[in-house]
Amino acid sequence: MALKAVVKIFLLLFVCTQIQAQYYSFGQHLKYADESFENGEYLLAMEHYDKALQIKDKVNKEFIFNYAEAAYNTYSLNLAEKLYRQYLEYDDAVNQKDVLFKLARIRQLQGRYEEAILDYNIHLSEYGDIDSNLTKQVQFLRSSAQWAIDAYIVSIVDSLKRLPDSINTKFSEYAPFEYNENLHYNSLRLAKEIEDRTLYHSRLFNEQGEITIEGSEGQRLVSHPSYSPDGKYLFYTFGDYVDGEKINCEIYFSLISEDGNIGPARKLGPLVNMPGYTATHPMVVSRDSAYTLYYVSDRPGGKGGLDIYAVNLSKDMQLSQNRNLSGINSERDEMSPFLHERTRTMYFSSNGQEGYGDFDVYKSADFDNDGIDLQNMGKVINSPHNDLFFFLNENGSKIYLSSNRPGSSYLDAKYETCCYDIYEGDVDDCSVNLLALTLDGNTKMNLNGCNVKIYEVDTDILVYDQDNTDSNFFESDLYCERPYKVIATKEGYESAELVFSGDRVVFGKPNEIVRKLYLTSSIYDLEMSVFDEDTKLPLDSIDIILKNLATGEVSEVEKHPSNTFTFDITPDTEYEITVKRQGYIDKIEKFNSGLNARGLKKDIFLKEKEIIRKAKVSLAKSIPVALFFDHDQPGKGITEFNSPENFTTAYYKYYNKRANYVERFSNRYRGDRKDDALNDINSFFDNEVKKGFDKYDLFKEQLMLVLESGQKINIYLRGYTSPIAPNEYNIALGKRRIDSVRREFDEWGNGALLPYIRSGQLTITERSFGEETSPRNISDDPRQPSKSIFSPSASRERRVEIDEINFNQDK
């Protein structure tokens with residue numbers, strides 16, 4: 001179907017030609033008038049008919065009829081009514097049936113509904129049996145006029161205001177919407193002179209000026225812009241006249257660069273742009289990880305006229321699953337779809353539903369199904385004229401639409417023709433502030449820790465989902481005039497559900513609704529604590545498996561950070577509980593939850609495995625562990641507390657200097673005393689230095705075994721120095737020696753102990769005594785290094801001791 005039937009309504013995208021300032025005869029005016037009429041240039045035809053009447057006021061009925069038709073087609077309703085009445089004065093008027101219909105239609109479009117109904121009744125009585133299609137149309141329009149008289153719809157706005165002349169012109173402005181807080185729209189204001197005609201082109205505008213699209217220069221009609229929600233694409237229509245009134249439109253898109261430039265025009269595929277048919281009025285919304293494109297088409301297979309369609313659109317512009325929104329489409333025309341994503345409500349214009357005149361704005365939240373909630377938006381938004389391109393901003397506070405209602409600009413004031421202007425209105429508060437309170441059904445006390453979900457009843461869309469661990473109070477702003485289902489849930493309780501509707505709200509005033517949801521407990525609490533059987537100390541890092549023997553349902557907890565657990569259990573049910581901890585023997589118990597046991601408590605005692613017990617005893621017996629260092633090492637001459645190397649590295653450096661120590665210490669003696677000195681120094685290296693290192697290796701392996709059992713261990717490192725240096729320096733040296741041992745714990749076994757240190761299971765407490773604890777007989781004279789450095793007595797003071805260990809204690 002071509003758009004001939006809706007051109008005059010669909011924004012009057014017309015060709016306008018100026019009559020040249022020269023003299024024409026009556027015959028010439030009549031000739032040009034008839035030619036313009038046949039070409040669909042109705043405004044030009046009217047000008048010629050008017051000029052012809054000024055020359056000769058006696059004309060035939062054909063002249064009057066064509067002049068009336070031209071006026072009717074340009075929406076010059078007052079002039080058309082006058083001319084049609086004049087035509088009916090001819091006794092031999094052959095088009096009475098059509099003229100009487102159009103007179104009734106004019107009265108309906110002017111809001112004179114009672115007169116229109118009377119005229120429709122007369123038409124049906126005289127011509128009801130002649131033209132079944134016209135009769136069906138008359139019956140529909142009569143019903144619609146009666147609906148307009150009877151309808152009472154509370155509008156969401158009190159009034160509409162025409163936008164200023166900086167936006168609206170004497171030409172048509174339409175398709176308004178906000179994007180990035182900037183009003184965008186279409187305008188037919190761009191005039192181009194081609195031969196003897198002025199052609200008005202449609203272009204995209206925002207408040208800053210025209211929006212340019214690469215590749216649109218040669219297009220007559222660039223219109224109906226829609227940005228993708230992520231701002232990556234702009235969709236729009238390219239169109240032009242074909243054969244006078246027929247408009248062919250196709251939907252294009254452009255990629256938007258990061259700096260906001262609009263890229264070249266690209267046409268969507270044939271699933272939308274079916275060859276030979278119109279696709280227009282694109283509107284794009286998010287769908288999962290892609291888009292849904294709503295658009296208008298006269299393609300075959302629809303319900304009739306122009307229909308609204310939806311098609312899935314991938315991120316790379318691949319089309320799929322094209323579908324007719326049959327729930328809201330009619331046998332006539334639907335256009336300008338707009339989906340308000342926050343409320344999931346589709347707004348569109350239609351002349352196929354009962355309304356106030358021609359195209360009215362309707363809404364439906366059930367648009368993807370059968371549209372049973374389809375509703376006219378009321379007579380403030382709608383008028384007896386055409387009301388199109390409804391837009392509601394994101395927060396629902398402002399609307400825009402395009403209309404040719406009285407008050408809109410005239411392209412030609414003499415004929416009252418055209419035009420479409422953009423109107424705005426502030427939406428009265430139509431929200432519902434729902435306060436949902438969750439309460440215990442038994443105690444009627446506040447019940448915290450619930451989840452509340454709210455669904456739209458008609459669409460089953462989830463509009464609210466909130467957990468509240470610290471309160472029983474849930475607050476949600478909901479859209480009015482819509483039924484909602486509220487569901488409160490909490491583990492261990494039966495869910496509570498209620499349905500309420502916001503249909504009793506008052507526009508423009510706060511609407512607060514309080515609803516209480518009572519949840520009845522279906523679960524008891526089991527509180528269980530785990531202890532060491534021998535020490536009776538609490539045990540953490542527990543694994544627990546609780547099995548419902550009736551249903552087989554299993555609850556598991558792994559590595560719990562404390563020794564106390566809470567489970568939800570079913571009353572009077574057999575359970576089996578398995579308790580595990582590293583280093584302990586598993587324990588399995590069966591019990592019945594009983595009745596009225598909402599506070600059931602159980603203490604579980606675990607027996608430590610024998611191998612772990614022995615490892616702990618062995619580890620405890622292995623201390624003290626003495627670790628010896630070379631003179632002024634590690635980090636000779638520095639005052640920092642951090643060691644540059646771990647203990648093993650320092651040990652081997654030290655042990656490799658054994659011969660030097662033996663020589664330097666024994667050289668000061670002679671004879672038997674030298675033999676004794678050699679025995680002393682070698683015994684020190686064999687029985688204390690090396691054995692200390694070997695004992696340290698065994699200590700780390702035993703330590704690892706006990707840590708793997710889950711034990712918490714605290715070990716103490718104490719650092720000592722010989723008195724040869726100042727005490728302040730020696731304190732720093734002692735700290736470095738402790739740090740070298742600490743580094744050893746970090747690095748040993750490729751960091752095997754590091755996770756336990758980081759988790760706090762293994763704690764290393766460091767202490768440095770400097771020279772404070774050195775015996776007074778230890779030489780501190782640097783001039784006698786054989787005594788103050790190389791002697792066994794001085795060497796014994798250069799050590800770190802692991803001399804205390806605690807299990808399952810923080811300190």
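Two strands are taken to pair if DSSP finds at least two bridges between them. With that in hand, the predicted model can be walked through strand by strand, beginning with β23. Six bridges join β23 to strand β26, residues 483–489, and the two run antiparallel. Within this pairing, Lys453 has Ile487 of β26 as its bridge partner. β23 also pairs with strand β24 (residues 462–468), again in the antiparallel sense and over six bridges, and here Tyr455 stands opposite Leu462 of β24. The link between β23 and β24 is a hairpin with five residues between the strands, and Asp460 in the turn has a positive phi of about 60°. Strand β23 itself, which spans residues 450–456, is mostly covered, with six of its seven residues buried.

Two open sheets come next. One is made of three strands in the order β25-β22-β28, with mixed pairing. Its edges are β25 (473–479) and β28 (512–519), each of which pairs on one side only. From one strand to the next, the twist averages 25°. Strand β22, residues 431–440, pairs with β28 in the parallel sense over eight bridges, and Leu435 finds its bridge partner in Val514 of β28.

The other open sheet has four strands, ordered β2-β21-β20-β19, and its pairing is antiparallel. Here β2 (161–162) and β19 are the edge strands, pairing on one side only. Further in, β20 (residues 398–403) and β21 (residues 421–426) are held in register by six antiparallel bridges, including one in which Leu401 is partnered by Tyr423 of β21.

Strand β19 also leads to the packing of the interior. The largest nonpolar core has 83 residues, among which Tyr294, Ile381, Phe390, Ile399 and Phe500 touch the most other members. Strand β19 (residues 387–392) gives the most to this core, contributing five residues. A second, separate core of 47 residues includes Phe693, Leu707, Ile724 and Leu762. Returning to Tyr294, its contacts beyond four places in sequence include His281, Pro282, Met283 and Val285. Tyr309, Ala310, Leu325, Pro337, Leu339, Met346, Phe367 and Asp368 are also in contact with Tyr294.

Helix α9 (residues 647–655) offers a helical example of burial, its buried residues being Phe647, Thr648, Ala650, Tyr651 and Tyr654. These cover an arc of only 160° around the axis, so they lie on the same side of α9. The pattern is a familiar one: an α-helix has 3.6 residues a turn, so residues three or four places apart point the same way. The elements covering the buried residues of α9 include β36 (625–628), α10 (658–666), α11 (672–708), α12 (727–751) and α15 (792–796). At the start of α9, a side-chain oxygen of Asn646 comes to within 3.3 Å of the backbone nitrogen of Thr648.

A last stop is Arg799, found in strand β39 (residues 799–807). Arg799 counts as buried because its relative accessibility is 13%, against a cut-off of under 20%. The side chain of Arg799 reaches the backbone oxygen of Arg796 at 2.9 Å. Setting aside residues up to four places away in sequence, Arg799 touches Leu627, Phe628, Phe629, Arg718, Gly719, Tyr720 and Arg737.

Terms used. Residues are numbered from 1 along each chain as its sequence is written. This is a predicted model: local features need pLDDT of at least 70, side-chain atom pairs count only at pLDDT 80 or more; totals for chains, interfaces and linings use all residues. Side-chain values use heavy atoms; hydrogens and water are left out. A nonpolar core is a set of buried Ala, Val, Leu, Ile, Met, Phe, Trp, Tyr and Cys residues joined through side-chain atoms within 4.5 Å. Buried means under 20% relative accessible area, exposed over 50%, partly exposed in between (1.4 Å probe, protein chains only). Contact means heavy atoms within 4.5 Å. The arc is that of the directions from the helix axis to the C-beta atoms. A polar contact is a pair of N or O atoms within 3.5 Å; within protein, one must be able to donate a hydrogen and the other to accept it, and residues adjacent in sequence count only if both atoms are side-chain atoms. Axes are lines fitted to C-alpha atoms, for helices over the stretch in contact, and angles run from 0 to 180 degrees between N-to-C directions.
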